[in-house]
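Colleague: I would like to go through this model with you, asking about one feature at a time. Could you reason each answer through before you settle on it?

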Amino acid sequence: MSFPIALGQSCQQYPSATASPTNTSGICQGVINYSTFIPAGANITFLENSLSQLSQLLQLKASFPTCANAYAQWACTATFPRCGSNPKIDVPCLSICQDALSACTQPFTLLQQQKLLPNCTFLSRFSVPYPETQCIDKSSVGNWTFTGASTSQNGGTGGGSSNSGAGSSLSNVPAELFANGCPPPFVFVPSAELAKLDDATKKKCFGPCCVPCPFSDALYTPGSMQNATEILEYVRMGSAGFALLVFLSYVILPGYQARPRDLILYSAGSLFLWQATVFFAAGDTRRIQCTDQFTASTQFSNKFCAVQSGLVIFGAFSIVLWASVLIINLHLHLVWKKNYIDRFIIPVHIFVIIVVALMTFLPLYFGYMKYEFGSTCFVTQEQSNKFFFFPLAAIIFPMFLLHFVTFIFITRASFRAQSAHDASASASNSRGAPTPTGSYGTARTAHSNMASPSAKSQKRTAVVNSLRMQWRPMLLALIVIATFITFWLFHMLQLSQLLAIEPATTAWVQKWILCLFTTQNTNAAATKSGAFTENLKTPYDTCSNLVLPNVPAFAVIVIVDAVVSTPGLWIFVIFGLRSELFNDWVKFIRGGCCCGARKRKKMESRQLENFSDVRTYALGNASTQSLSSMKAKSQFTYPPPVPPIPATIPQDVKSYTYAQYGEIQIGEPEQDPWAPGTSRKGSVVRR
């Protein structure tokens with residue numbers, strides 16, 4: 001936006017940078033390098049006198065170089081517009097004003113000088129909005145180099161200070177604010193390094209003092225957040241180990257392969273993949289959290305962050321989708337007597353893999369992965385609902401309802417079966433012999449009445465039987481849902497509050513920072529004077545009352561992180577915490593990995609070769625089988641097959657052992673089919 005030059009107005013070249021610093025002229029040295037517009041009846045010295053706040057800003061130049069430079073560029077270009085060739089004048093662009101406002105909001109607010117901040121909605125001198133084109137932009141001005149004495153202040157405020165209130169100044173800035181360095185958690189940053197930081201990181205700096213990464217740790221007792229994070233990392237590592245143990249048990253151990261294992265197998269594998277991401281931060285949490293001392297990691301600046309965040313999303317969707325497939329399969333089998341999932345198992349697997357890969361790819365493609373909290377890179381808080389929580393919620397909650405419907409169906413079916421069995425028994429008794437008399441007949445009748453439970457008892461028995469069959473997968477589903485809801489609520493209610501903190505604009509943060517510096521300077525003065533200093537509080541302890549009411553409670557953070565860190569432990573407790581698991585691993589290791597297993601197998605193989613075609617194997621009390629006939633039919637395998645279960649088994653016998661090649665385990669009448677390490681009635685378990 002340009003304005004014509006009226007009669008009596010002129011253009012003059014601004015004084016060069018070689019002007020004496022002690023001269024009142026040249027306060028905009030380095031910024032103005034063009035011919036500037038001079039209104040009628042004025043001169044450069046008169047206009048410079050209106051920039052009194054710039055001379056006072058020199059007190060902050062060393063501590064806030066970015067603010068000082070940006071503010072000088074705005075004030076000087078607003079006071080000294082550029083003369084064009086038409087002849088017309090150009091005023092500063094909107095970006096010049098916005099840079100000054102962004103850079104100086106924090107220090108001016110902290111020092112209670114908000115009235116000096118520019119108003120970027122209106123250029124008061126010309127009564128027009130700030131233009132975005134045909135104006136003075138950043139490329140047209142230089143850096144502020146003035147270091148001399150202050151100008152006279154007889155001109156009041158004008159030109160660049162037109163947005164300031166009367167009486168506003170920076171003269172009350174405590175010059176000794178940084179005299180004793182930076183109080184913890186702040187760290188001193190040399191000006192050369194400070195200039196290299198990005199804008200987001202600079203917002204966490206106060207003068208030459210910056211908060212190191214991660215910023216959230218600085219808001220709590222020094223060291224407490226880091227210690228809690230490291231402890232919970234070890235918890236998550238242990239949880240990942242338990243999930244891996246369950247997964248390998250259902251892959252390797254023969255007895256576990258006979259169980260309805262798919263839900264446990266896929267869930268344990270996915271949980272391990274999800275929680276094993278903690279190993280990226282093992283021994284050095286900041287490897288994931290931060291790119292450097294002050295900058296938080298993103299998927300572009302930290303390769304570990306990119307890989308870890310992708311695996312977190314992949315593992316989470318794998319857990320939910322594999323569990324959903326098996327819940328649907330269970331429902332179709334029991335309720336509708338259909339076998340669709342088994343018939344189309346390969347397309348189902350392909351579908352699950354494609355969906356999981358797609359949900360992992362999308363946030364990585366759009367660049368939404370970064371570190372914000374804890375020890376894990378994740379989808380940014382602004383995008384987490386769209387790319388993570390909403391899609392998972394759309395799967396988890398319907399699947400839980402479907403599983404609950406299946407449970408209700410099993411309960412009702414068990415109740416009806418029990419009722420039909422009792423009705424059949426009652427009819428059989430009614431068609432029997434006449435009711436006997438005497439004491440024997442009375443006792444028999446009483447026993448018959450006791451054997452016919454009431455309707456409530458039948459219903460209770462049916463529910464108990466259903467729970468015995470389904471409590472393990474139901475509890476696993478509840479744990480997955482509870483973990484998901486806890487994590488989601490924390491992100492929406494607590495983490496959003498923490499990430500919304502802007503050090504440059506949040507009032508309580510400004511008060512907290514000033515309290516830290518003031519307390520440190522007070523303690524330093526007391527120490528130098530030789531006063532009694534044993535009872536002096538640290539800056540954080542003195543100022544913690546300004547922070548704690550405005551951030552999530554430390555205990556809440558620890559509890560939420562603990563909930564998210566333990567699903568692998570719970571799947572082990574539900575499906576693997578049995579003595580059979582330990583015994584089976586011991587037998588497996590002894591039989592195939594150590595304790596002379598190779599030598600023993602080699603000897604048994606040699607014994608096998610010595611048998612002639614007419615010799616036979618005798619397996620305990622079982623019948624013998626001809627080796628020659630078995631070879632002829634190509635049915636012989638080693639170890640030899642276990643003979644059929646005997647027709648009659650004494651009640652007090654739980655298993656028959658046949659040499660060292662196998663055993664038959666006799667299950668209980670109503671055994672839990674989900675229980676690992678056991679088998680159905682009469683099934684053979686290889687050892």
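Colleague: Which residues does leucine 54 touch, leaving aside those up to four places away in sequence?

Modeller: This is a predicted model, and the contacts are read from its atoms as they stand. Leucine 54 is among the residues with the most contacts inside the largest nonpolar core, and one of its partners, Cys28, is listed there as well. Not counting residues up to four places away in sequence, the residues that leucine 54 touches are Ile27, Cys28, Tyr71, Ala72, Ala75, Cys76 and Trp144.

Colleague: Which element gives the most residues to this largest nonpolar core?

Modeller: The core has 76 residues, and Phe108, Phe206 and Leu219 are among those with the most contacts inside it. Strand E3 (35-38), helix H1 (44-49), helix H2 (52-61), helix H3 (65-79), H4, helix H16 (455-499), helix H17 (507-528) and H19 each supply at least two residues. The element that gives the most, with eight residues, is H3.

Colleague: How many residues does the second, separate core have?

Modeller: Its members include Ala393, Ile395, Ile479 and Trp488. The second core is separate from the core described above, and its residue count is 50.

Colleague: How far apart in space are proline 552 and glutamine 494, C-alpha to C-alpha?

Modeller: Proline 552 lies in the loop between helix H18 (539-543) and H19, and with a relative accessible area of 2% this proline is buried. Proline 552 touches Tyr220, Gln494, Gln497, Leu498 and Ile557, when residues up to four places away in sequence are not counted. Although proline 552 and glutamine 494 are 58 residues apart in sequence, their C-alpha to C-alpha separation in space is 5.8 Å.

Colleague: Which parts does the salt bridge between arginine 236 and aspartate 561 tie together?

Modeller: Side chains of opposite charge can pair when their charged atoms come close. The side chains of arginine 236 and aspartate 561 meet at 2.9 Å, N to O. Because arginine 236 lies in one helix and aspartate 561 in another, the pair ties together parts that are 325 residues apart in sequence, namely helix H7 (residues 224-252) and helix H19 (residues 554-565).

Colleague: Is aspartate 561 buried or exposed?

Modeller: Its partner arginine 236 has 10% relative accessibility and counts as buried. The cut-off for that class is under 20% relative accessible area. Aspartate 561 has 18% relative accessibility, so this residue counts as buried.

Colleague: How far apart in sequence are the parts that lysine 138 and aspartate 99 tie together?

Modeller: Lysine 138 forms a salt bridge with aspartate 99, and the closest N and O atoms are 3.9 Å apart. Lysine 138 counts as partly exposed at 37% relative accessibility, and aspartate 99 counts as partly exposed at 31%. Since lysine 138 lies in the loop between helix H4 (94-110) and strand E6 (187-188), while aspartate 99 lies in helix H4, the pair ties together parts whose separation in sequence is 39 residues.

Colleague: With which residue does aspartate 90 form a salt bridge?

Modeller: Aspartate 90 counts as buried, at 12% relative accessibility. The closest N and O atoms of its salt bridge are 3.2 Å apart, and the partner is arginine 82.

Colleague: Which helix supplies the largest share of the nonpolar patch on the surface?

Modeller: The patch is formed by Phe242, Leu569, Trp570, Val573 and Leu577, with about 430 Å² of accessible area together. Tryptophan 570 is partly exposed, with a relative accessible area of 43%, and lies in helix H20. The largest share of the patch, three residues, comes from helix H20 (residues 567-575).

Colleague: Which element has the lowest mean pLDDT?

Modeller: The protein averages a pLDDT of 75, and 69% of the residues score at least 70. Over residues 611-642 the pLDDT stays under 50, although the model has 48 contacts beyond four places in sequence for this stretch, and over residues 647-687 the pLDDT is below 50 too, with 99 contacts in the model beyond near neighbours in sequence. Strand E10 (residues 376-379) has the highest mean among the elements, 94, whereas the lowest, 37, belongs to strand E11 (residues 616-617).

Definitions and conventions. Residues numbered from 1 in each chain as written. Predicted model: local features only at pLDDT ≥ 70, side-chain atom pairs only at ≥ 80, totals over all residues. Heavy atoms only, no water. Salt bridge = Lys/Arg side-chain N within 4 Å of Asp/Glu carboxyl O. Buried < 20%, exposed > 50% of the residue type's maximum accessible area, 1.4 Å probe, protein only. Helix = DSSP H or I, 4+ residues; strand = E, 2+ residues; numbered from the N terminus. Patch = residues over 30% accessible without salt bridge, like charges linked within 9 Å, V, L, I, M, F, W, Y side chains within 5 Å. Areas by Shrake-Rupley, 256 points an atom, 1.4 Å probe, with all protein chains shown as cover. Contact = heavy atoms within 4.5 Å. Core = buried A, V, L, I, M, F, W, Y, C linked by side-chain atoms within 4.5 Å. pLDDT = per-residue confidence, 0-100.
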